[in-house]
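Hi everyone, thanks for coming. Please have a look at the sequence and the model on the screen, and then I'll walk you through them.

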Amino acid sequence: MLDINHAIILTNKVKIKAVANNQLATARVAGKIQSELHGLDVRSYQAKQYLASVVPKLQQLDKLLGY
């Protein structure tokens with residue numbers, strides 16, 4: 001399981017790459033995800049579910065925006 005700090009860093013990378021590629025809608029969504037991550041209680045089951053569903057998508061976006 002990834003920790004929340006890693007997910008926040010990954011979200012920030014995606015946001016920066018999206019802005020650099022002029023994909024402002026993607027950057028806006030990444031910003032919303034980042035704010036949701038800051039508000040999560042890392043010990044809750046919902047937080048673990050959220051991380052398990054969001055982090056793989058962020059990793060995929062990070063790879064796609066890198067090309």
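**A short tour of the chain**

Reading along the sequence, you meet the pattern α-α-α. The secondary structure comes to 3 helices and 0 strands, where helices (H or I, at least four residues) and strands (E, at least two) are DSSP runs numbered from the N terminus.

Before going further, a word on how to read this. It is a predicted model, in which local features need pLDDT of at least 70 and side-chain atom pairs count only at pLDDT 80 or more, while totals for chains, interfaces and linings use all residues. Residues are numbered from 1 along each chain as its sequence is written, and side-chain values use heavy atoms, with hydrogens and water left out.

Let's start with the overall form. The C-alpha atoms fill a box of roughly 35 × 20 × 15 Å along the principal axes. The radius of gyration of the chain is 12 Å, close to the 11 Å that the globule rule gives for 67 residues, so the chain is as compact as a globular protein of that length. For that comparison, the radius is taken over C-alpha atoms, and the rule is 2.2 Å times the number of residues to the power 0.38.

Now, how is the chain held in contact with itself? Contact here means heavy atoms within 4.5 Å. Among contacts between residues at least 6 apart in sequence, 62% join residues at least 24 apart.

On the outside, the chain exposes about 4,600 Å², and carbon and sulfur atoms supply 57% of that. These areas come from the Shrake-Rupley method with a 1.4 Å probe, and for residues only the protein chains shown count as cover.

Let's go inside. What share of the 67 residues is buried? Buried residues make up 31% of them. I use buried for under 20% relative accessible area, exposed for over 50%, and partly exposed for in between (1.4 Å probe, protein chains only).

A general point helps here: in soluble globular proteins, nonpolar side chains tend to be buried together. In this model, the largest nonpolar core has 16 residues, and those with the most contacts inside it are I33, L37 and L58. Helices α1, α2 and α3 each supply at least two residues of this core. By nonpolar core I mean a set of buried Ala, Val, Leu, Ile, Met, Phe, Trp, Tyr and Cys residues joined through side-chain atoms within 4.5 Å. Take I33: leaving aside neighbours within four places in sequence, I33 is in contact with T11, Y50, V54 and L58.

Another residue to find is A30, in helix α2. A30 is buried, with a relative accessible area of 4%. Not counting residues up to four places away in sequence, A30 touches T11, V14 and K15.

Next, helix α3. At 1.5 Å a residue, its 22 residues should span 32 Å, and the end C-alpha atoms are 32 Å apart, which agrees; the expected span is 1.5 Å times one less than the number of residues. The buried residues of α3 include Y50, V54, L58 and D62. As general background, an α-helix has 3.6 residues a turn, so residues three or four places apart point the same way. What covers the buried residues of α3 includes α1 and α2.

D62 brings me to the charged pairs. How many salt bridges does a search of the whole structure find? There are 3, each being a side-chain nitrogen of Lys or Arg within 4 Å of a carboxyl oxygen of Asp or Glu.

One joins D62 and K13 at 3.5 Å, N to O. D62 lies in helix α3 (residues 45-66) and K13 in helix α1 (residues 4-20), so this pair ties together parts that are 49 residues apart in sequence. Another joins K17 and D62 at 2.7 Å. That pair also links distant parts of the chain, with K17 in α1 and D62 in α3, 45 residues apart. D62 counts as buried at 12% relative accessibility, while K13 at 40% and K17 at 26% count as partly exposed.

There is also a salt bridge between D41 and R43, at 3.4 Å. Here D41 is partly exposed at 39%, and R43 is exposed at 68%. Through shared partners, salt bridges join K13, K17 and D62 into one network.

One last stop: N22, in the loop between α1 and α2. N22 has a positive phi of about 60° although it is not a glycine, and it is exposed, with a relative accessible area of 61%.
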